[in-house]
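Before this model is used further, I would ask you to read the following points alongside the coordinates. They move from the sheets of one chain to the helices of the other, with the contact between the chains in the middle.

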Amino acid sequence: MKKNGRLGGRLLIGLCFLFLYLPIFLLIIFSFNAGNSSAVWQGFSLKWYGDLLENRLIMEAVATTLLVSLLATAISTVAGTFAAIGLYSLGRRRREVLLTVNNIPMMNADIVTGVSMCLFFVAFFGLWGGFAEWFNAQQSFLELPTRLTMGMGTLLLAHIAFDIPYVILNVGPRLRQMDKNLVDAAMDLGCTWMQAFWKVILPEIKPGIVSGALIAFTMSVDDFVISYFTAGSSTQTLAMAIYGMTKKRVTPVVNAVSTILFLVVLAVLVINNVREARLERQRELIAAGQPVRQSPIVEKVSQTLSSPKGKYIRWGGAFAATAVFLVTVISLTAFTSSQPVVNVCSWGEYIDTDLIDQFEEETGIRVNYQTTDSNETLYSLLKSGGADYDVVVPSDYMISQLLEEDMLEELDYDNIPNFDLIDDRFKYLPYDPENKYTVPYTWGTVGIIYNSTMVDEEIDSWSCLYDDKYAGKVLLIGNSRDAFGIALKYLGYSMNTTDENEIREAYELVADANRRGVFQGKVMDEVFQTMEGGNAAIATYYAGDYLTMLENNEDLAFAWPKEGTNWFVDAMCVLKDAPHKEEAEAWINFIASTDANLANMDFIWYASPNKEALEMYPEWYEEQYDEPLDEEIYNIIAAPQEVLDRCEMYVCLPPETRALYNELWVQLGI
Amino acid sequence: MSKELIRLDRCTMVFDEDVVLDNINLNIQDKEFLTLLGPSGCGKSTTLRIIGGFQMPTSGDVFFDGVRINSVPPYRRAINTVFQKYALFPHLNVFENVAFGLRIPKTDANGAKVKLPEEEIHSRVMEMLEVVNLKGFEKRRTTALSGGQQQRVAIARALVNRPKVLLLDEPLGALDLKLRKDMQKELKRIQKAMEITFVYVTHDQEEALAMSDTIVVMDKGCIQQIGSPKDIYNEPQNAFVADFIGESNIIDGIMRADGVVEIFNRRFQCLDSGFEKDEAVDVVIRPEDVDIVPLEQGQLKGTVTDVTFKGMQYDIIVDFYGFKWLIQTTDLAPVGSNIGIKIDPDGFHVMKKSRYSGMFGDYSSYSEEFDEISQGVGDDEE
C-alpha cells in the first residue's frame, strides 16, 4: 500500500518533469535538424547555428538584449541595494508596507506592467513635446527635442523598474540577518556611514547582491511582454525577435537561438545555486568550528587580490571593464545616431535579409527592420502611438482602413522610378484607386492544400472542406475573414458581401460542418507542423506556404477551387508624418527593383508584382541553382491570369459587418 | 578628587510621542566606573546611545570635556563601545576585527588624512590581544569563538583605539553565570590598568554592586538615585530603589519623632531623623537585618508560611498580621511555627513617600521563579 503510494508519487513527479522538459528537449533536438521542419527529422546539422550567426536581425537583437540587460542589471543592483538598506532602517510596520508594495510589480501580470508603462511613456512624451516647444520658443540658447519616441531609453527604464524588486527581494534577507549593531560598531570605530557601507555592510550582504544581480539579469534577458510594449519600433530584444520569427512559421533558426537562450539562463541559475550551496556549506563548517578549505587556485587568487599589489589589479580590472563597457555603449549610440535611418515594419520571414545589407551599403541609410504578426496587431500598434515606423507593408484591406483613417502619407513617385516596373495588373487596385499611396510588395492566393495519400479524388472545389468523408481531418483556417469568406465563395456570394443573410448562411455552412465533426481544429501557423507530419488531410492556406510544406512532405498537393478564392496584395506605404520620408522612398524604390524582387520571390515564394522579375524568375532560378524550375511550382507561386480572374480581393468591411463577423466567429466556438 | 568628563544636561528623548528619557541630569567623572542600572525599558541603553553619539537627544545638551557634542557623529568622539551582542564583523578574523578602527585614516590637525603604519597597527593589536588574554587567536574567525572569547575581542577592538571612555551595553548578558563572574573581575582589572572611564549598562544589580564606583538607578526614563554601591544599598531613596537593589521588606509606617518609627501600631527605635512629626513614610527592612528570637522575646510575632534552603541561609516567609516578610537567617524555623523577631535600630531605613509607595516590598506572591523570569527578560529595546 505504502510502496504503491510511493511508486505513484514517483510516477507523478516523472510525468510532471516530462511535461516540463520534453518540449524544451524537442526544441533542442530540432535545432540540429538538417531539414527546415520542426516535425520531421532529416539528419544532424549545425547549419541553423551558422545561419543564426549570419542573421543580422538576430545578432542585433542579441546585442540590444545584452546591452539593456547588463545596464539594467548594473543600475537596478545599485539602486535596489540602497533601497533595501533604506527599507531595513525603517520601523517594522512601514517596512512591511513598503515590502508589500515592492512585491506587487513581481506578482502583477507582465502585460499590465507593460501596457501601463507604454501608456505612461506616451503620456509623458506628449507633455514633454508641449514643454519643449514652449521652452524652445522662450530662448534660443538650448534647443530641446520636441519629439521623443520609445526606444532603447524607455526599454532600459522599464527593465530597471522591473529588476529593482528582485534585487530588493534578494538583498533584504541578508540585511535582516545582519546584526544592526554592525554599522553602529563601524561608526563607533571611526567610519563615516559611507565607509561603514563599504567595509561592513557590503561584505555582509554581498551574496544577496550577487544573487539579486543574477536574477535581475535573467529576468531582463528573459523578458518579452514588458519589452514588447516599451521598446518602441526601432529597438528589438532577442525575445521579441524570436517572437517575430515564429509568426510565419517556426524555422530551426528559432530553435537554435532558443536553445542558446535557454542554456545561458540555465547556466546563470546553476552558477547562482552552486554559489549559494557553497556559502551554505561554509557557514555550516564555520558553525561546526571547522576550518574552511578553499581550492588552491581560489586561495591563490584571493590572496593576490587582497595583497597590497592586488589592489592595483582590482582597480585596474574594474577600470578596464568599465572603460570597455562605456566605449561600447558610446560607440554604439554614436554609430546609430549619426547615420540616416529608415524604420521598416513587415512580417516575419518576409524578406531576404541580404537585401537590407545591400541597401545599407548602397545608400548609407541604416535600416531598422522590425516585424509584427498580423495586420490587426500592426493596426493597434499604430493606433496606440507606440510605434514609430516609416514604412509598413499591410495587406490590401488594411490599407483601405488606414487610408480611411488618414494614416498614410502620399508618395512622391519621382523618388520611386522603379514603380514603372510594377505590372499594371497590380496598380490602381480598389484599396488605392488613384495609386497615390502604395507600391506593391508581393501578391498571392489562398488555396486548398491536401495530402494525396489521404484523399482519393481530384480536389477542385471548396466542398471537400465541409464533407463528412473527411470528418476529423480538415483544418479550418484560423481567422474569421478567411473562414467565412471561403464559405461565401462556395455559396456563390461575394467575399466582400455586407448582406447579413448571406453571411449568416455562410456561418450556418461552417457551423453545421463543425457540428458534424468535420473540423479537426482551427489553425494558423500550426498548419505547417500538422500537414507536414501527415496529421490532417485538408487545409486552406497561402500558396507560397504550400511550397515550404512540400519540401518536408512530398505527398502534399495544392489546388485552386473552381468557385474561386481570395487573392491578396501586400503593399509598401509610408505613414503620415513619418520622420524619414526621403529614406523611406529610397527603400521602397530599392525593394521595387527587379533584382530585389527576384531575391525576395526566391526567398519567400510569394509572387512578385514586378513584371520583369515575375517573368524572369524561372530563367533566373535555373541560372542560380543549375536546374530548371518546375513549371507547376512556378504556376502555384504566380497564379495564372485565368485563376486570378476567378479570385476576389478583400476590401475593408464596414464596422457593422466586422462586428457581425466577430459575433459569429465567437458563436462558432471551435 | 577627579574632574568631570561627561555631562548630560536636562536630556529628554522622545520616540513617537513615547518619552523614553525624561529630563536627565548626569555627571560622569574621569576614570570612574559608572553603571546605569534599571529594568528593561528604563532608558539606560538610550542614555548610553546618546553618549556614544548614535542618538541625538530630543532636547537637552551633552558635554564632553566641557565641549557641547550634541551633533558630533560617533566616529569623531573619543568614545568606543562594546555592544550587547558584540557586533563583531563576521567577514574578518580576530586580528582584523581588532585592527578595524586603527585602519581607518584619521584626519590630523592640518586636515590631512593620516594612516597608521602597518607595524604600529600590528604591535598595538597584539598588545591589546595580550591584555584580553587572546594571544594566538589572531587568525581565528570570530564566528568560531566562544561567547567569552567574542566578548574579549569586542573589548579589545574598542580599547585598541585608546578611547577616553568605554561604553559597555550589557556586555555580559549572554554569558553563563560562572563566566560572568570571571569577566566582571576581568573588566574591573582592565579598567584599572587602562585608566579610563567605563560607562556600563546592566539590569543585574549584583553585577552593578560588585564593579561600580558609582551606580545610577533608573526607571521609566528618570534617574531614581545616584550613589556609591554602599549608599544605594543602605540608603535607598525610594521603594523602587530599595526593591530593585537586593531584597527589601517595605512597610507603611509613621514617623512619630526623630528616631522613633511606628509600624503595625508598635513603636521602634531607629536612626533616621529629619521628618515631620507623624509623617507617613516607607520603612525598609532588609531580610538579613531581622533576627529570629523565641516567641516571648519578639518585638513582632508571626507565622512561618514558606521556607527555602539557599545554601548559606534560609529564605523564610513570615506572615505578620497579613503582611508577608522575607527573612534571611541561618536558623531554621519550620513551616507553621510561630516565631518572634527582633530588629536593631540600624536595621530600619526610613524613606519619604514616593510614587512607588505600596508597589513593592510585600512577599505575598513570592516565588523564586517569578523573580528570575522578571529579571531574565532581555533588555532589547526594539
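1. Two strands are taken to pair if DSSP finds at least two bridges between them. With that criterion, and bearing in mind that this is a predicted model, chain B contains an open sheet of five strands in the order β17-β21-β18-β19-β20, with antiparallel pairing. The edges are formed by β17 (290–293) and β20 (323–329) of chain B, each of which pairs on one side only. On average, neighbouring strands of this sheet are turned by 45 degrees against each other, direction ignored.

2. At one end of that order, strand β19 (residues 314–320) of chain B pairs with β20(B) in the antiparallel sense, and seven bridges connect the two. For orientation in the viewer, Val318(B) has Trp325(B) in β20(B) as its bridge partner.

3. A second region of chain B deserves inspection, namely the strands around β14(B). Strand β13 (residues 249–257) of chain B runs antiparallel to β14(B) and is joined to β14(B) by three bridges, with Ile254(B) standing opposite Glu262(B). The hairpin of these strands, β13(B) and β14(B), has two residues between them, and Gly259(B) takes a positive phi near 80 degrees there.

4. On the next step along the chain, β14(B) pairs with strand β15 (residues 266–269) of chain B, again in the antiparallel sense, over four bridges. Here Val261(B) has Phe268(B) in β15(B) as its bridge partner. These two strands, β14(B) and β15(B), also form a hairpin with two residues between them, and in its turn Phe264(B) has a positive phi of about 45 degrees; a reader checking backbone torsions may wish to look at this residue as well as at Gly259(B), whose phi is also positive.

5. Which residues of β14 (residues 260–263) of chain B point to the buried face, and which to the other? Val261(B) and Ile263(B) point to one face and are buried, whereas Val260(B) and Glu262(B) point to the other and are not. In a regular strand the side chains alternate between the two faces of the sheet.

6. Turning to the contact between the chains, 21 residues of chain B are in contact with 17 residues of chain A. On the side of chain B that touches chain A, β6 (79–82) and α2 (94–103) of chain B each supply at least two residues. By class, that side of chain B has eleven nonpolar, seven polar and three charged residues.

7. Chain A has 26 helices and nine strands, and 38% of its 670 residues count as buried. Among the contacts in chain A with a separation of 6 or more, 77% are between residues 24 or more positions apart.

8. One helix of chain A can be examined in detail: α5 (residues 110–138) of chain A has 29 residues and reaches 41 Å from its first C-alpha to its last, close to the 42 Å expected at 1.5 Å a residue. Its buried residues include Thr113(A), Gly114(A), Met117(A), Cys118(A) and Phe121(A). The cover over the buried residues of α5(A) includes α4 (92–107), α6 (152–177) and α9 (225–230) of chain A.

9. Why does Tyr228(A), which lies in helix α9 of chain A, count as buried? Tyr228(A) is buried because 21 other C-beta atoms lie within 10 Å, and the cut-off is 20 or more. Not counting residues up to four places away in sequence, Tyr228(A) touches Gly114(A) and Met240(A). The C-alpha atoms of Tyr228(A) and Ala239(A), eleven residues apart along the chain, are separated by 8.8 Å.

Technical notes:
Residues are numbered from 1 along each chain as its sequence is written. Chains are lettered from A and ligands numbered from 1 in the order in which they are written. This is a predicted model: local features need pLDDT of at least 70, side-chain atom pairs count only at pLDDT 80 or more; totals for chains, interfaces and linings use all residues. A residue is buried if 20 or more other C-beta atoms lie within 10 Å of its own, exposed if 12 or fewer, and partly exposed in between; C-beta atoms are placed from the backbone. Two residues are in contact if their C-beta atoms, placed from the backbone, lie within 7 Å. Ala, Val, Leu, Ile, Met, Phe, Trp, Tyr, Cys and Pro count as nonpolar, Asp, Glu, Lys and Arg as charged, and the others, Gly among them, as polar. Axes are lines fitted to C-alpha atoms, for helices over the stretch in contact, and angles run from 0 to 180 degrees between N-to-C directions. The expected span of a helix is 1.5 Å times one less than its number of residues.
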